[in-house]
Amino acid sequence: QLQLVESGGGLVQPGGSLKLSCVASGFTLDYYAIGWFRQAPGKEREGVSCASSGGGSIYYADSVKGRFTISRDNTANTMYLQMNSLQPEDTAVYYCAADPLRSTGERLCSRGIFRSWGQGTQVTVSS
């Protein structure tokens, strides 16, 4: 059974940092495209960052470029989203996703056609 389990969300002050983790089980993450999405109340889901299976194509939404970093640790079968300089507008539920689909990071994020999703973790940026 393919499963993604997220952790690392929480409450942080503006300008602070958080690192989200997403552990995969039932499949080898190394061969999968990965992505992080978020959804704020009343807003559509947004592709924050996506990376192709080989890691050669990485996409960041303009709103997070230079502040967020997507990565994976294949030995731990885990993907990460390092978030720095967090702002109140980053408040949302964050979801990790994975799929064996071969595509560019931008297309992965724009289409959001991942078949495996985490349960979501709340990130709140507030003073």
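Let us start close to the beginning of the chain, where Leu2 sits in the segment that precedes strand S1 (3-7); strands here are DSSP runs of E with at least two residues, helices are runs of H or I with at least four residues, and both are numbered from the N terminus. You are looking at a predicted model, in which local features need pLDDT of at least 70, side-chain atom pairs count only at pLDDT 80 or more, and totals for chains, interfaces and linings use all residues. Residues are numbered from 1 along each chain as its sequence is written, and side-chain values use heavy atoms, with hydrogens and water left out.

Back to Leu2. Its relative accessible area is 41%, which makes Leu2 partly exposed; that class falls between buried (under 20% relative accessible area) and exposed (over 50%), computed with a 1.4 Å probe on protein chains only. Setting aside the neighbours within four places in sequence, Leu2 is in contact with Ser25, Gly26, Phe27, Tyr32 and Ser116, where contact means heavy atoms within 4.5 Å. As for Leu81, 79 residues separate it from Leu2 in sequence, and the C-alpha to C-alpha separation in space is 20 Å.

Now let us turn to the cysteines. The structure contains 2 disulfides, a disulfide being a pair of cysteine sulfur atoms within 2.5 Å. If you count the bonded cysteines along the protein chain, the pairing follows the pattern 1-3, 2-4.

One of these links connects Cys22 with Cys96, at an S to S distance of 2.0 Å. Cys22 belongs to strand S3 (residues 18-25) and Cys96 to strand S9 (residues 92-99), so this disulfide ties together parts that lie 74 residues apart in sequence. The link between Cys22 and Cys96 is right-handed, with 55 degrees about the S-S bond. Are its two ends buried or exposed? Cys22 is buried, at a relative accessible area of 0%, and Cys96 is buried with a value of 0% as well.

The other link joins Cys50 to Cys109, with 2.1 Å from S to S. Here a strand meets a helix: Cys50 lies in strand S5 (residues 46-51) and Cys109 in helix H1 (residues 105-111), so the pair ties together parts 59 residues apart in sequence. The link of Cys50 and Cys109 is right-handed, with 95 degrees about the S-S bond. Cys50 is buried, with a relative accessible area of 0%, while Cys109, at 7% relative accessibility, also counts as buried.
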